[in-house]
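This report describes the fold of a protein chain, beginning with its overall make-up and then turning to selected helices, loops and cavities. Please keep the sequence and the structure in view while reading.

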Amino acid sequence: MANSTDITSQSKRESLNPVSNENRLFGLTTYITLWISSMVVIQIFMVGQSFLPPAGKLNLFQAGVVTVISAFFIGYLFIVNSRSGIKYGIPFIVQARSSFGYNGARIASLIRVLPAVFWYGIGSWIGAAATDYITETIWGYSNIWLYFILFQVLQTAIAYFGINSIKWFDSLLSVVVLGFLIYITVQLINVGGLKIADNWNTTGSWGMPFFAAITACVGVLITAIINNADLARYLENKPRYNTIGHFFGIVPMFVIMLVIGILAAAATGIWDPVQAIVSVIPNPIVAVAMMIFIIVAQFTSNLTINIKPPALVLMETFNFTWGVSVIIVGVLSIITFPWLLITSSAFNTFIAFYSAFLGPLLGILIADYYFVHKQNFDVDALYKRDIKYNWLGLGSLLIGGVIGVFFLSISWMVSMPISAILYWAGYKVFPSYKSHKSNNEVEIPS
């Protein structure tokens, strides 16, 4: 089986073959810097905004506790679910074949990539709003719809040339991103100091709003956690690279973005991310610089988290080239109505709803790799069509997802363990699945 070390504009299904360790594209430093820039997700900022009044019901201390708990979950889940990708060099959709079957993995992958297409549209709309502010401030010209389309075209053009273009674009911008984030934090504290202090003493809630906040925090990145094998397969398989790369690349930036959102809500009480940031900027010149930062942030996060996953699924399912797949994803994201989903009333509901099904998907992937196969895959078997559908995996996913919808505000917290336990128990109880497990395990050294 030929190794694939890169994805270019003309790459097709064969590019999803395992990447050998000597052909990995990322060392530890480039992997961390890529994630630093990719984690400037304005949607995380918006989740942080939703904790405090007027959108939420928590006080500042409770929001801080939510941040710490969510950061632990995010870091742990990234590390745990990235292991098979790093060890075997396989992408998410191949990893999913073990628990859902060759064709069943395509069904499961749709549950992951549909939210990515929506997030792509939302990120581009935020970037378009920032661009609109810049041109209106400098030239008095406003046309958010034009900028939205231009955003899609430019991001598609960068992604079109493959994984290396994404790697260097994101990595080189990581230092700029960190500088702007520090400035925003300092500015929010300086401008809204008294309001922030007052929010610390409000009553808040330790009830359902508290757990719903954790659900939203993890839910906003659960899509990236599920398919992170797509990136992790390019990271050198060396001791502790998995832990160090994800902890330092993801967790600090996740915390920073949440904290900035929380501070923005406390200092301004404004939901719209562009307006909230602009309101604490001292002059138009700096405000324009901040809007440029928001534009860059949408490029970096969309390239890594929202364009790549659905494009890879289109490659695998239809054998399209990478370039064609990227263009299709860009077109689809335009028709997701991001200007409607970005409203405060719809935003967290959208996250909770898709998390109801993504939680089970993640739980099954983890249960399959760690508890059913004991971290040992027969990789050659994953590339064969012998098992088209694993009905135990698909059934567990459906049951967990439906139950999660009934507990929408804490969806993945309920649905993920239910599906994981159902799946693992099925391999313990049903004789046909016991046989399938034993026939498809093979020991491959780490």
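Helices (H or I, at least four residues) and strands (E, at least two) are DSSP runs, numbered from the N terminus. The model is a predicted one, in which local features need pLDDT of at least 70 and side-chain atom pairs count only at pLDDT 80 or more, while totals for chains, interfaces and linings use all residues. Residues are numbered from 1 along each chain as its sequence is written, and side-chain values use heavy atoms, with hydrogens and water left out.

**The chain as a whole**

The protein chain contains 21 helices and 0 strands. A residue is called buried under 20% relative accessible area, exposed over 50%, and partly exposed in between (1.4 Å probe, protein chains only). Of the chain's 446 residues, 60% count as buried. A contact means heavy atoms within 4.5 Å. Among contacts between residues at least 6 apart in sequence, 84% join residues at least 24 apart.

**Three helices**

The expected span of a helix is 1.5 Å times one less than its number of residues. The table compares this value with the distance between the end C-alpha atoms.

| Helix | Residues | Number of residues | Expected span | Distance between end C-alpha atoms |
|---|---|---|---|---|
| H7 | 144-160 | 17 residues | 24 Å | 24 Å |
| H19 | 391-406 | 16 residues | 22 Å | 23 Å |
| H20 | 411-429 | 19 residues | 27 Å | 27 Å |

An α-helix has 3.6 residues a turn, so residues three or four places apart point the same way. With this in mind, the buried positions can be followed along each helix. In H7 they are Ile144, Tyr147, Phe148, Phe151, Gln152, Gln155, Thr156, Ile158 and Ala159. In H19 the buried residues are Leu392, Gly393, Leu394, Ser396, Leu397, Gly400, Gly401 and Gly404. The buried residues of H20 include Trp412, Met416, Ser419, Tyr423 and Tyr427.

A polar contact is a pair of N or O atoms within 3.5 Å; within protein, one must be able to donate a hydrogen and the other to accept it, and residues adjacent in sequence count only if both atoms are side-chain atoms. At the N-terminal end of H19, Asn390 acts as a cap, with a side-chain oxygen 3.1 Å from the backbone nitrogen of Leu392.

Which residues does Ser419 contact, leaving aside its neighbours within four places in sequence? They are Pro360, Ile364, Ser396, Leu397, Gly400 and Gly401. Ser419 belongs to H20 and counts as buried because its relative accessible area is 0%. A polar atom of the Ser419 side chain lies 2.6 Å from the backbone oxygen of Ser396.

**Residues in loops**

Thr321 is placed in the loop between H14 and helix H15 (322-334). Its relative accessibility is 16%, and therefore Thr321 counts as buried. Not counting residues up to four places away in sequence, Thr321 touches Ser9, Gln10, Ser11, Lys12 and Met315.

Another loop, between helix H17 (344-372) and helix H18 (379-382), holds Asn376. The loop between H17 and H18 also contains Lys374. Is Asn376 buried or exposed? Asn376 is buried, because its relative accessibility is 12%. Lys374, by comparison, has a relative accessible area of 48% and is therefore partly exposed. A polar atom of the Asn376 side chain lies 3.1 Å from the backbone oxygen of Lys374. Asn376 and Tyr88 are 288 residues apart along the chain, yet their C-alpha atoms are separated by 9.5 Å.

Lys374 has a phi near 50 degrees, a positive value in a residue other than glycine. Arg240, which is not a glycine either, has a positive phi of about 70 degrees. Arg240 is located in the loop between helix H11 (229-232) and helix H12 (241-268), and its relative accessibility of 63% is why Arg240 counts as exposed.

**Cavities**

Rolling a probe the size of a water molecule over the atoms shows where empty space is left. On a 1 Å grid over the protein atoms alone, a cavity is a set of points where a 1.4 Å probe fits but cannot get out, and lining residues have an atom within 4 Å of a point. Grid points are joined across faces, edges and corners, and a volume is the space filled by probe spheres set on the points.

By this rule there are 5 cavities of 30 Å³ or more. The largest cavity has a volume of about 60 Å³. Its lining consists of Val41, Gln43, Trp119, Val220, Leu221, Thr223, Ser301, Ile305 and Asn306. Helix H10 (208-226) and helix H14 (284-318) each supply at least two residues of this lining.

How values were computed
1 Å grid on protein atoms, 1.4 Å probe; cavity = no way out; pocket = protein on both sides within 12 Å on 5 of 7 lines; lining within 4 Å.
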